[in-house]
Amino acid sequence: MINGFSKIGMILGNSIWSQELVCERMRQFWNLRPKQDVRHKCLLSDVKEIKEQNSDLRKSFEFMSKKYDDMKEKLDTMEAERKNNFLHIKKLEEKVEFLERSCKSTSLELRNVPQTKPETKDLVTIVKNVGKVLNLSIEASEIKDVFRTRSKQAIQPIVVELTSVIKKEKALISLKSLKKDQKGNQLTSAMISIGGPVVPIYVSDNLTAKARRIFSLARDFARNNSYKYCWSSHGLVYLRKNDGAPALRMREEEDLDNLKLNCK
């Protein structure tokens, strides 16, 4: 009996101890709850702040993305306008070049003709004497205008404007025949009755500034790349590699650049 009571006492004691432990744990939990609530609120506040920051970042990103799209659209528009303007300017330059070449279509240029101040020999007489040497009659009535151009050269060139393209072309053809008859020798100052030291006289197309530069570059290219012929005709510049090869018109400096690439 005593052992039975002992067991019952032990059971009751353990039960009481377990209840006390549970109560202690409950008290600890309730004591910690305010702190947990505070931590929970802080955590919720932090999460809310992070969400707000993410929202702000998303809005900023969307704003910057829109700005980028707007800027790209503007740049694309500006680039398209630039290309259109470039093409328009190029067309205008071509028209100006054509008009300028048309204005010079009847003109010849005489270079290295001795010059005195004041001019002691009438320029019309000089032009007529050039015609005589070329076996080409040039009357005063066929000379529309004649003058010396302003240039940095020591001897300013003479520009003579004739009344027709046909007359000008006849003069150039006669000049080629003269060179051929004299085995490449140039027209000289003595031939056109100009006193003083004998100097060569050069007669050519009166080229536009653009064509003049292309012609100069083309001559250099011909010398450096074994091109046999380089000439101008009707204000245009041509190259020919050798006899029988096709004539290549040099419209732009880029045409020479392309030929240089092909020669490499």
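This passage describes a small set of strands, the helix that lies across two of them, and the aromatic pairs of the structure. The model is predicted, so that local features need a pLDDT of at least 70 and side-chain atom pairs count only at pLDDT 80 or more, while totals for chains, interfaces and linings use all residues. Residues are numbered from 1 along each chain as its sequence is written, and side-chain values use heavy atoms, with hydrogens and water left out.

Three strands, in the order β6-β7-β8, form an open sheet with antiparallel pairing; strands (E, at least two residues) and helices (H or I, at least four residues) are DSSP runs numbered from the N terminus, and two strands pair if DSSP finds at least two bridges between them. Strands β6 (229–233) and β8 (248–249) stand at the edges with a single partner strand each, so one side of each has no neighbour in the sheet. Strand β7 (residues 236–240) is joined to β8 by two bridges, and the two run antiparallel; Tyr 238 has Arg 249 in β8 as its bridge partner.

Helix α4 (residues 209–224) lies across β6 and β7, and runs at about 10 degrees to β7, where contact means heavy atoms within 4.5 Å and the angle, on a scale from 0 to 180 degrees, is taken between the N-to-C directions of axes fitted to C-alpha atoms, for helices over the stretch in contact. The 16 residues of α4 reach 23 Å from the first C-alpha to the last, close to the 22 Å expected at 1.5 Å a residue, a span defined as 1.5 Å times one less than the number of residues. The buried residues of α4 (under 20% relative accessible area, with exposed meaning over 50% and partly exposed in between, for a 1.4 Å probe and protein chains only) are Ala 211, Ile 214, Phe 215, Ala 218, Phe 221 and Ala 222. These residues cover an arc of only 125 degrees around the axis, which puts them on the same side of α4, the arc being that of the directions from the helix axis to the C-beta atoms. On the other side of α4, Ala 209, Arg 223 and Asn 224 are exposed.

A search of the whole structure finds two aromatic pairs, for which ring centres (six-membered ring in Trp) must lie within 6.5 Å, with planes under 30 degrees apart counted as stacked, over 60 as edge-to-face and the rest as tilted. Phe 221 and Tyr 227 form a tilted pair, 5.1 Å centre to centre with 55 degrees between the planes. The rings of Trp 231 and Tyr 238 have centres 5.5 Å apart and planes at 15 degrees, so this pair is stacked.
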